[in-house]
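Work through three short exercises on the model shown here. Try each task before reading its solution.

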Amino acid sequence: MSNTNRRVFIMQLAAGSSVLAATAASAQAKIEENDAQATAVGYKHDTTKVDAKKFPKHDKAQKCNNCQLYQGKATDAWGGCPLFGAKQVAGNGWCSAYAKKA
Ligand code: SF4
């Protein structure tokens, strides 16, 4: 393999890796409301659907996207949360571990 061919090969390999990484990120699994981890903390995709009787301190202004643990940007529809490992939570979601972002 000539130096030029090797360089082209390496560049193609790097480009391919970037595409794979982007695909993996966009395909990141989303948490299901009926997942055992989600039900354990009362997680809902929509903060307005939280059971008010079960969680009397819940406020509709509390959302994942203004929670300290949310790893997405405030404008992201979905983002990571350490509570659910590799699975994403909805920006408009909520769970009982909510902690207002400072
Ligand atoms: Fe959403 Fe925060 Fe609960 Fe994670 S800890 S699911 S970001 S409210």
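Contact means heavy atoms within 4.5 Å. This is a predicted model: local features need pLDDT of at least 70, side-chain atom pairs count only at pLDDT 80 or more, and totals for chains, interfaces and linings use all residues. Residues are numbered from 1 along each chain as its sequence is written, and side-chain values use heavy atoms, with hydrogens and water left out.

**Exercise 1.** Place Asn-65 and list what it touches.

Step 1. Asn-65 sits in the loop between α2 (36-40) and β1 (78-80). Helices (H or I, at least four residues) and strands (E, at least two) are DSSP runs, numbered from the N terminus.

Step 2. Leave out residues up to four places away in sequence; Asn-65 then touches Tyr-70, Ala-74, Gly-91, Asn-92 and Lys-101.

Step 3. Take Ala-74: its backbone oxygen lies 3.2 Å from a polar atom of the Asn-65 side chain.

**Exercise 2.** Are Asn-65 and Gln-88 buried or exposed?

Step 1. Set the cut-offs: buried is under 20% relative accessible area, exposed over 50%, partly exposed in between (1.4 Å probe, protein chains only).

Step 2. Asn-65 has 17%, so Asn-65 is buried. Gln-88 has 14%, so Gln-88 is buried.

Step 3. Gln-88 belongs to strand β2 (residues 88-90). Beyond four places in sequence, the residues it touches include Gln-28, Ile-31 and Trp-78.

**Exercise 3.** Which residues surround the ligand?

Step 1. Among them are Tyr-43, Cys-64, Leu-69, Phe-84 and Tyr-98.

Step 2. Sort the shell by class: eleven residues are nonpolar, none polar and none charged. Nonpolar here covers Ala, Val, Leu, Ile, Met, Phe, Trp, Tyr, Cys and Pro; Asp, Glu, Lys and Arg are charged, and the others, Gly among them, polar.

Conventions. Near = heavy atom within 4 Å. Polar contact = N/O pair within 3.5 Å; in protein donor to acceptor, adjacent residues only side chain to side chain.
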